[in-house]
Amino acid sequence: MGDHAHGPAKGLSRWLFTTNHKDIGTMYLWFSFAMFILGGSFAMIIRAELFQPGMQLVEPGFFNQMTTLHGLVMVFGAIMPSFVGLANWMIPMMIGAPDMALPRMNNWSFWILPPAFLMLASTLFMEGGAPGFGWTFYAPLSTTYAPPSVTFFIFAIHILGLSSIMGSINIIATVMNMRAPGMSYMKMPLFVWTWLITAFLLVAVMPVLAGAVTMMLMDIHFGTSFFSAAGGGDPVLFQHIFWFFGHPEVYIIILPAFGVVSQIIPAFSRKPLFGYDSMVYATAAIAFLSFIVWAHHMYTVGMPIAGELFFMYATMLIAVPTGVKVFNWVTTMWRGSLSFETPMLFCVGFLILFTIGGFTGLMLSIAPADFQYHDSYFVVAHFHYVMVAGAVFSMSAAVYYWLPKWCGRMYNETMGKTHFWISFIGFNITFFPQHFVGLAGMPRRIPDYALQFADFNMMSSIGAFIYGASQILFLYNVVATIVSGKPVSDDKVWDGAEGLEWTVPTPAPYHTFEVPPKIDPAHAHT
Amino acid sequence: MTAQSSPGHEPYYVPEQSKMAVFATIGLVLSVFGAATGINDLTFGEPDQPASWTVMNIGLLVFIATLFIWFRMAIRENIAGMNSAQLKKSYVLGMFWFIFSEFMFFVAFFGALFYVRNLAGPWLGGEGDGGRMNGLLWEGFQFSWPMTQTPQEAVGGAGSQVIANNGSFTSARTSMAFAEASAWYAWLPLWNTIILLSSSVTVHIAHMGILDGDRRKFHKWLGLTVLLGVIFLSLQIAEYYEAYAHFGLTLNSGIYGSTFFMLTGFHGFHVLMGTTMLGIQLLRSMRGGHFTSDDHFGFEASSWYWHFVDVVWVFLFLFVYIL
């Protein structure tokens, strides 16, 4: 119990031993950016190989390792930790709490991540190479035919799951227990709501993933036959268990992004969020539906027709709450006093591109049509529209929006807008043509392709290099802001921003809300 | 805290710094890395490389020592009165959601059991739209549960080695299912059910003891609970010995052996954890005089965990042994 005005400890021990939610949030954010660069460099290798038809740069086996590690690093290393970092920074400040509920465990949740990814990346240098069975690691590719390094992959997944579960328990306990007096659930900022529901999804499905990799471990090393028909098991069982985790996982990635957009669009529309209550209910509905749609990833696996129909209709239902959200964001902007600073640009980009990704998702949900689209580049285009233009764009928006509050300095607006436009154009050049080559039959995860796909693939590769380069501009802008950005001192950096985080000084002091703030009961929601 | 407190607000204790996370990380990573290297040596390389197991054991020691110090620290903070009511509620929520995550871990294995028994198994045996594979690959395989013959055995001959990717899945001679009504008293799972159900009652009586401030009653019934846990584990070891030595039921016994050992094995591991947790609470009370009638969260959390393990067993008994 130190002095009220104390600051952080000095040197490395500040970061190793910290219990401060802002320090831990910062570490998560930097770690996720490092992983974003690592996973991005894998993507650059993929696009370089696919620049022209024929084998260009890498061996097919190594290409498979690149697609696998690109997916794993981006999903588990870049996107998920980035939103956990944001949750750490923002949730206590948004609900008026002094810190996360369980600060020491919070630190542990972070510190097991870097060694886990070190272990995962080290498989590249092991005998037999890194895992090359795709980020979905379907059996028997990941069991019978896996390289020995699969064991390290399995344990890395176990550690990542442990980190996610502990992080989520912390978030749930914080939101349920640490809200300032007077902040009822229906007064919470929407980012807090989406994270509460995301954390619930994580606690529910990460153990299932742990179960799946444990069965793999047993099949590979200890003679069980979960995924081997010769012993009475079934490789398709793996897919069911994996996607029972995997489908909620995509909402784990996108729900916090929804939360970010729901904070930023009202701020730059200078209007309260339209349909707050329906936003909350829609988020909960999406979370519920995410548990009963998993097999739409496996329409072509040979399910009974009743299964195909059930999963098709259940999947289509998700369009309803998602539509509610999109319409609410648009209606928030309607007749607002709009301005388009960088965070808002990224949110509008999110809104347009995520909706495209949603529509292609709806196309893929139609079981008979999916027989055509399955495992084609159409699928690759679809999920990059939701993962990159959805999650990563909203993450960029969040960084620009809250960075002045975090470090007390303003980023360079011109550079930010340039980053947005290069990202937006580069992203669309990369992934829009992939819809066409996919519909025309180009399969995913193959290092070579038929000649008729050459032009669109070259476009994709050029777009990918542009998008990749724009992230360096992003990094430069953030570092330049922290080091020498123009100081800002207003508590409320953005004139239209609402919420408790804008009531504390800028930059946010090391400790905030050691005494809970008073919530104005007349305020609809913050 | 020197900060001015608003009336009626108890400060929430936020520790300044802690080395616990770093040591726990070192322990966890060493043990996991050692285990992975050791397992890989066994499967792919030379089996005789004790270095990896040494690394694993050192890691486990560091991990357990860290947990010990970490929990002791948390307990001391509570005794020193640093924990506000709000902080205690954080611990309650943490334990609840931890148990929920454990529950979901078992859901994965029960899901595998249901899928194999009700869908994949019958398809392998030739039923329904999925049944065409029976004639193509697994000619002669008939599905029953418990599985009396694996598909590999049904195909037989040299071809079955190829088809199983050099695996060897030989079904058990005898399953663990209830065999003869006349010999019910010799059926271990029934005894284990009785033991575990009674232990839930005894731990509840122990709880009532501490609520009344009756420490003798608390010690007696908690000690009995720990004893029942130990008996349960001993019987399960006996059962596993029987399975391997006399029933031919091993991890290699096809999907029946896989689901049987993984479900009962993970449950058994959780019983071990629960017994250890309750045993530590008993020691804390007997030697340290910990717990009062209105503050005994360490015991309460362990007892919730114990009830959870009990509920999982009820499902196990039903779906693994009886049905």
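**Backbone geometry, packing and contact between chains A and B**

Arg445(A) is placed in the loop between helix H15 (413-439) and helix H16 (454-484) of chain A. In this predicted model, the phi angle of Arg445(A) is positive, at about 65°, although the residue is not a glycine. The surroundings of Arg445(A) hold 16 other C-beta atoms within 10 Å, so the residue is classed as partly exposed. In chain B, a positive phi is found for Phe291(B), which is likewise a residue other than glycine; the value is near 80°. Phe291(B) belongs to the loop between H9 and helix H10 (297-322) of chain B. With 19 other C-beta atoms within 10 Å, Phe291(B) is partly exposed, because the buried class begins at 20.

Cis peptide bonds were examined next. The bond from Ala139(A) to Pro140(A) is cis, with omega near 5°, and Pro140(A) sits in the loop between H5 and H6 of chain A. Another cis bond links Thr506(A) to Pro507(A), where omega is about -10°. Pro507(A) falls in the segment after strand E2 (486-487) of chain A.

For chain A, an unreviewed UniProt entry lists residues 15-520 as "domain: Cytochrome oxidase subunit I profile". Across residues 15-520 of chain A, helix accounts for 68% of the chain and strand for 1%. The C-alpha atoms at the two ends of this range are 36 Å apart.

Helix H4 (residues 103-111) of chain A is mostly covered, with 9 of its 9 residues buried. Among the buried residues of H4(A) are Pro103(A), Arg104(A), Trp108(A), Phe110(A) and Trp111(A); Asn106(A), Asn107(A) and Ser109(A) are also buried. The cover over H4(A) includes elements from both chains: helix H2 (21-49), helix H3 (60-95), helix H5 (113-122) and helix H6 (150-177) of chain A, and helix H1 (20-44) of chain B.

The largest nonpolar core comprises 252 residues. Within this core, the residues with the most contacts are Ile79(A), Val192(A), Ala212(A), Ile264(A), Cys347(A), Phe350(A) and Ala397(A). The greatest contribution to the core comes from helix H7 (residues 190-221) of chain A, which supplies 24 residues. Leaving aside residues up to four places away in sequence, Ala397(A) touches Val260(A), Ile264(A), Pro343(A), Phe346(A), Cys347(A) and Phe350(A).

Chain B contains 10 helices and 0 strands. The order of its elements from the N terminus is accordingly written α-α-α-α-α-α-α-α-α-α. The C-alpha trace of chain B spans about 80 × 50 × 40 Å along its principal axes. Of the 323 residues in chain B, 37% are buried. Among contacts in chain B with a separation of 6 or more, 68% are between residues 24 or more positions apart. Chain B is divided into domain 1 (17-82), domain 2 (83-115 + 177-322) and domain 3 (117-163). The C-alpha centres of domain 1 and domain 3 of chain B are separated by 43 Å.

The contact between the two chains takes 64 residues from chain A and 71 residues from chain B. On the side of chain B that touches chain A, the elements giving two or more residues are H1, helix H3 (85-124), helix H5 (151-155) and helix H9 (254-288) of chain B. H3(B) gives the most to this side, with 22 residues. By class, the side of chain B that touches chain A is made up of 41 nonpolar, 25 polar and 5 charged residues.

Val116(B) provides an example from helix H3 of chain B. This residue counts as buried because it has 26 C-beta neighbours inside 10 Å. Not counting residues up to four places away in sequence, Val116(B) touches Gly232(A), Gly233(A), Asp234(A) and Leu237(A) in chain A, together with Gly121(B), Ile255(B) and Thr259(B) in chain B. Val116(B) and Ile194(B), which are 78 residues apart in sequence, have a C-alpha to C-alpha distance of 28 Å.

Notes:
Residues are numbered from 1 along each chain as its sequence is written. Chains are lettered from A and ligands numbered from 1 in the order in which they are written. This is a predicted model: local features need pLDDT of at least 70, side-chain atom pairs count only at pLDDT 80 or more; totals for chains, interfaces and linings use all residues. A residue is buried if 20 or more other C-beta atoms lie within 10 Å of its own, exposed if 12 or fewer, and partly exposed in between; C-beta atoms are placed from the backbone. Helices (H or I, at least four residues) and strands (E, at least two) are DSSP runs, numbered from the N terminus. Two residues are in contact if their C-beta atoms, placed from the backbone, lie within 7 Å. Domain bounds come from an automatic or database domain assignment. UniProt positions are given in the numbering used here, feature names are shortened, and annotations may be inferred rather than shown by experiment. Ala, Val, Leu, Ile, Met, Phe, Trp, Tyr, Cys and Pro count as nonpolar, Asp, Glu, Lys and Arg as charged, and the others, Gly among them, as polar. A nonpolar core is a set of buried Ala, Val, Leu, Ile, Met, Phe, Trp, Tyr and Cys residues joined through C-beta atoms within 7 Å.
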